[in-house]
Structures are given as structure tokens and as C-alpha cells.
Amino acid sequence: MNASLRLVLAVLSGVAVAFSYEPFGYWFLAVLGVGAFYLALMPWQRFATAAKPSPSAAFGCLLGFAHAATCYLILLPWIGAFVGAMPYVALAITLALSALITGAVGVRIARCQYGFLAFPFVYIAVEFLRSSLPFGGFSWVRLAWGQVNGPLVWLSSIGGPALVSLAACLAGVSLVTFLITRGRTRRVAALGFALPIGLGGLISPSFDGDGTEAQTAQGNSILVAAIQGNVPRLGLDFNAQRRAVLQNHVDETVRAANDAQKQGEKLDLVIWPENSSDVNPFQDPLAASSIERAVSAVGAPVLVGTLTRDEVGARNTMVVFDPETGPGETHHKRFLQPFGEYMPMRDFFRKITDLVDLASDFKPGNGPGVVHMGGIPVGVATCYEVAEDPAYRMAINNGAQILATPTNNATFGFSDMTYQQLAMSRLRAIETDRAVVVAATSGVSAIVHPDGTVSQETSIFEANHLIERLPLHTTRTFAVRFGDYLEAAFVWLGFMLILGAAVRRPREYARQHLNNGEKRCWKRSSHRGEFDISDHPDVQRD
């Protein structure tokens with residue numbers, strides 16, 4: 001009974017966390033979900049025997065895996081939109097393996113009176129591992145991305161996604177601790193829940209209807225267009241009609257120029273999506289001529305997504321085309337998506353499946369993350385790069401005053417992928433205090449203000465454009481300047497807790513975390529030398 005209930009709770013907690021992400025966006029479910037997961041790891045008195053009130057570390061591994069695998073299986077089906085279920089399921093299971101650590105360590109930490117204060121750091125350390133290893137990791141599933149509609153997102157301006165994830169986890173585990181304990185522990189847990197929620201609400205700006213107008217005053221703003229040309233058809237083979245994709249973006253740019261002219265305004269810069277011209281204009285005169293027509297129509301610099309090749313190899317490239325000087329600065333995508341834009345250990349994985357041959361062989365760039373368009377420094381994070389902390393932080397440290405997320409979502413059909421990615425751009429806007437222009441080949445394209453609000457967006461698979469005056473900012477938030485160091489401190493503390501739980505016997509672990517007056521509340525269990533807190537004065541009894 002005990003084990004079954006814990007396992008069900010772990011699965012349900014994974015479901016709750018999954019529904020915090022877009023397009024659902026129920027941010028509070030992440031808080032409740034992580035809290036429920038922690039409850040599954042804690043000692044129970046109602047359903048447990050005297051000898052086994054707490055799960056073993058091995059069962060904690062199972063609970064952690066069940067929680068994470070359930071979440072990722074719900075979150076990531078878009079990966080298999082056109083290649084089948086196998087790659088998507090394999091990725092979800094692989095990512096969930098890291099949660100074995102969370103479960104095993106969490107079981108031991110949850111036995112401590114104030115373990116709920118330590119658990120969030122373990123959670124962040126494992127999240128960091130998942131986002132870094134192997135092959136650069138997969139940071140798409142960070143807890144923070146599900147908080148864009150809640151008060152905790154404002155903490156991103158202090159510590160980026162790491163602090164948001166930490167705060168969501170702390171709020172969740174503190175809430176469940178508050179509900180099942182009493183006395184001093186309950187009072188501390190109340191503070192652990194209220195502090196991150198309250199701090200996020202305190203940081204969030206007040207809106208009186210005039211803020212946007214003040215931000216976009218003529219003197220420190222520019223008129224920007226995001227172009228969504230759409231694609232001829234869905235699926236992995238849409239690039240077979242590359243010239244049609246390019247022509248769609250040319251035509252939509254001309255329409256945007258006409259619309260701006262009708263309003264008596266002139267565009268300052270135009271953002272095209274990733275892969276908007278997969279016909280290389282540096283090798284194809286017809287493609288170059290088509291782009292020149294669009295640039296001439298708007299009379300402003302256009303950032304064009306294309307594919308290039310140099311002495312290093314193939315590149316996923318964004319190029320500035322200026323109406324006066326022609327092709328200019330480039331941004332070669334630095335953070336490439338493993339198993340998509342490049343294939344690690346291709347020969348090995350080919351023995352498992354020939355789907356590896358669908359992966360490209362791009363080489364990463366090493367530029368500053370900034371291109372200048374009409375003298376305006378624009379930070380660029382192409383598609384997958386928006387999930388990586390260094391991308392926009394580096395761009396702003398190199399002078400970027402406005403940000404662009406050119407992306408190609410056509411290979412993922414009508415899936416949730418584009419909405420999840422837009423949520424990342426919204427969090428990055430708050431984190432960096434910059435407007436973000438999201439330009440997608442097939443949608444969703446959007447205009448995101450520095451407060452994370454979306455003022456305009458397109459539908460999926462339509463030809464459209466967005467025009468808006470956006471502010472140019474030069475300040476650097478605390479997260480941009482010190483976010484990396486703050487995350488390193490969180491992760492270091494988490495690793496220390498993991499190491500402590502791994503190398504010390506439970507009694508030694510208890511001695512480290514409880515003072516002399518609390519040690520009497522711990523007793524040795526008859527089951528494999530483990531401990532429970534059934535005699536703890538702050539634990540509610542039946």
C-alpha cells in the first residue's frame with residue numbers, strides 16, 4: 001500500500017509539472033507537482049509500518065524516474081512529430097535517468113527536519129546536469145520555463161532560469177511541509193513558501209497603461225518587423241521547396257514595407273526566421289537577387305536565416321543584408337541541437353537506427369552573439385539557442401540593445417514546441433530587460449516586450465508579419481552580470497548535499513543537519529539501519 005501510493009503520487013506529480021508548461025501554462029501546477037513529488041519521498045506515518053516509514057534509496061530512484069519520465073513523455077511528443085515515437089520516447093527516458101539522483105538523495109534529505117530547505121538545491125544541481133550532459137545536455141525541460149505566467153518569473157532578472165527553478169521547487173516542498181508539520185518546522189516552511197512568491201510579486205512592475213508608451217518613446221525606440229512567410233507543406237521535406245519558402249518571405253516583406261508606408265512610417269530593421277533562405281545567396285545569384293528585392297522594398301537592414309559553408313564546414317547562419325552595403329555581419333549558431341543539427345557518435349547510433357542520417361552536420365560558431373543593423377546592436381539567439389543561458393547574456397555583455405529569436409518550427413507541425421519556445425523568449429525578455437522579436441518560418445512569431453508580455457503574435461502556418469515600435473535598452477540586469485555565478489553557487493551547494501547523502505550513513509547525515517536538541521527525535525529503524533522522524537515533535541500524528 002505504502003509503495004503503491006508513493007508511486008502513484010510520483011506519477012501524478014509529473015503530470016502536474018508537465019501542465020505548467022505552455023501551451024497549458026498553469027504555473028502553479030509546477031509548485032504543487034514538485035511538492036507532491038517531495039511528499040512521495042518523505043517518511044509517512046499513516047500508511048507505513050513502524051519499521052518502514054520512509055522509502056529506501058533504491059525506491060527513491062524509482063520515484064524520481066517515474067516523476068521525470070511522466071513529465072517528459074507529456075512534454076516532448078513534438079520531437080517525434082514526423083520521425084515517429086522512438087526518438088521522442090528515447091529522449092524522455094534518457095532525460096529521466098538523471099532524476100534517479102534526485103529521488104535517491106531526496107529520500108535521505110526528506111528524513112531531516114529541515115530537509116525541505118536542502119532539497120531545492122539538489123533539484124537544481126540535477127537540473128544543471130541534465131542541461132549540460134551529455135553532448136551539451138537538453139535544457140528545454142527546466143522547471144523555470146513553466147513559470148512565465150506566474151510571479152516567480154520575475155526572479156529571472158536576478159538569477160535567470162536557475163533562480164526561478166529553485167524558487168518554484170522551494171515553494172512546492174515548503175508548502176507540503178507546512179501542511180503536514182507543526183511547530184517551528186511549520187513556521188519555517190511557511191516562510192519558505194511565502195518568500196519566493198512574495199519576492200517575485202515585489203519585483204514585478206505595476207502596470208498603469210502608460211508604461212508601454214513611455215518605454216517606446218520615439219527617442220529610444222525603433223520600428224521593427226518580424227516576417228513569417230510560411231512554408232509550402234508540413235514535414236521534414238518542406239525544405240525541398242526552398243525557393244518557395246524564400247519567395248514567401250520576400251513577398252511578406254514587401255507587404256510589411258507597404259503597410260509601414262501606409263502608416264507614414266519607415267521600418268528600422270526587419271527580422272526573418274531561421275532557414276528562411278535555405279538557398280545560399282552567396283552561391284545562388286537568383287536567391288541573392290530575391291533577397292535584394294525585399295531589402296530594397298523596406299529600405300532597411302534585413303536579418304536573413306540561411307545555410308552557409310566555410311573552411312570549418314556547414315553553418316546555420318543569420319546574415320545582415322543592408323540596402324546600401326549589401327551582405328554584412330553574420331551570426332553562426334553557437335549552440336547546436338544534438339541529434340538534430342549535428343549527430344554525436346553517428347557511427348555508433350547508426351547501428352541502433354538509421355534515423356541518425358536525418359540529423360545534419362553543422363559546425364558551431366564562436367561569434368559575439370551580436371550583429372549590427374543600421375548601427376543598432378541586435379542580440380541573436382537562433383531557435384534552440386534561446387534555451388541556453390550564455391546566448392543572450394553574452395550578446396548583452398557585447399552591447400545588444402534589442403534581441404531576436406529567429407526560429408524554424410515547420411518540422412514540428414502543429415505541436416506544442418513553438419509555444420514552449422515562445423515562453424523561453426518571454427522569460428529571457430524579463431531576465432535581460434530587453435524586447436525580443438520572435439520570427440518563425442511557420443509560427444508562432446511574436447513581439448515580446450521587456451516585461452515579458454506578448455503584444456502581437458501570429459497563428460501557426462499562415463503568412464503574416466508583425467510591425468511594432470520597440471524600446472532600446474542599455475542597462476544590464478543582475479542576472480546578466482552575475483547570474484552565472486549565482487547558479488554556480490546553487491549547483492555547488494546541491495552537489496555537496498548529494499555527496500554528503502551518498503557517502504555518509506544516515507545517522508551521520510542526521511548529526512550534521514540536526515542540533516543537539518533535535519537528535520533525540522531520531523531513532524534507528526530495524527530496517528537496514530534507516531531512520532524515521534515518527535517521534536519528531538513537529539510531525540503531525542494520527
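**Helices, two sheets and a cavity**

Helix H6 meets helix H7 through Phe-116, Leu-117, Phe-119, Pro-120, Phe-121, Tyr-123, Ile-124 and Glu-127, which face Ala-162, Ser-165, Leu-166, Cys-169, Leu-170, Val-173, Ser-174 and Thr-177 on the H7 side. Sorted by class, this contact is made of 12 nonpolar, three polar and one charged residues. The model in which these residues are seen is a predicted one. H6 covers residues 115-130 and H7 covers residues 156-180; the two pack at an angle of about 145 degrees, and their axes are 9 Å apart. Their crossing is right-handed.

The loop between H6 and H7 contains Pro-134. A cis peptide bond links Leu-133 to this proline, with omega at about -15 degrees. Another cis peptide bond joins Glu-22 and Pro-23, where omega is about 10 degrees. Pro-23 sits in the loop between helix H1 (2-18) and helix H2 (27-41).

H6 also takes part in enclosing empty space. The structure holds two cavities of 30 Å³ or more. In the largest cavity there is about 120 Å³ of space. Its lining consists of 14 residues, and those nearest the centre are His-67, Ala-68, Tyr-72, Tyr-123 and Arg-130. Helix H3 (57-75), helix H5 (99-109) and H6 are the elements that give two or more residues to this lining. The largest share, five residues, comes from H3. By class, the lining of the largest cavity has 10 nonpolar, three polar and one charged residues. Tyr-123 therefore appears twice in this account: among the H6 residues that meet H7, and among the residues nearest the centre of the largest cavity.

Next come the sheets. One is an open sheet of six strands, ordered S5-S4-S3-S2-S1-S12, with mixed pairing. At its edges are strand S5 (326-332) and strand S12 (464-471), each of which pairs on one side only. From one strand to the next, the twist averages 35 degrees. Inside this order, strand S2 (residues 269-271) and strand S3 (residues 302-309) pair in the parallel sense over two bridges. Val-270 stands opposite Val-302 in S3. Helix H10 (residues 242-262) packs on this sheet and touches strand S1 (221-228) and S12; the direction of H10 makes about 50 degrees with that of S12.

Beyond edge strand S5 there is a loop that leads to helix H12 (346-350), and Phe-339 is found in it. Phe-339 has a positive phi of about 70 degrees, although this residue is not a glycine.

The other sheet is open as well, with six strands in the order S6-S7-S8-S9-S10-S11 and mixed pairing. Strand S6 (370-373) and strand S11 (454-457) each have a single partner strand, so each has one side without a neighbour in the sheet. Here the twist averages 25 degrees from one strand to the next. Strand S7 (residues 376-380) pairs with strand S8 (residues 402-407) in the parallel sense over three bridges. Val-380 has Ala-404 in S8 as its bridge partner.

Two helices pack against this sheet. Helix H13 (residues 389-397) touches S6, S7, S8 and strand S9 (436-440), and its direction makes about 145 degrees with that of S8. Helix H14 (residues 417-432) lies across S8, S9, strand S10 (446-448) and S11, and runs at about 25 degrees to S10.

How values were computed
Residues numbered from 1 in each chain as written. Predicted model: local features only at pLDDT ≥ 70, side-chain atom pairs only at ≥ 80, totals over all residues. Heavy atoms only, no water. Pairing = 2+ DSSP bridges. Helix = DSSP H or I, 4+ residues; strand = E, 2+ residues; numbered from the N terminus. Axes fitted to C-alpha atoms, helices over the stretch in contact; angles between N-to-C directions. Contact = heavy atoms within 4.5 Å. Left-handed = near helix turned anticlockwise from the far one by under 90°. Nonpolar A, V, L, I, M, F, W, Y, C, P; charged D, E, K, R; others polar. 1 Å grid on protein atoms, 1.4 Å probe; cavity = no way out; pocket = protein on both sides within 12 Å on 5 of 7 lines; lining within 4 Å. Points joined across faces, edges and corners; volume = space filled by probe spheres on them.
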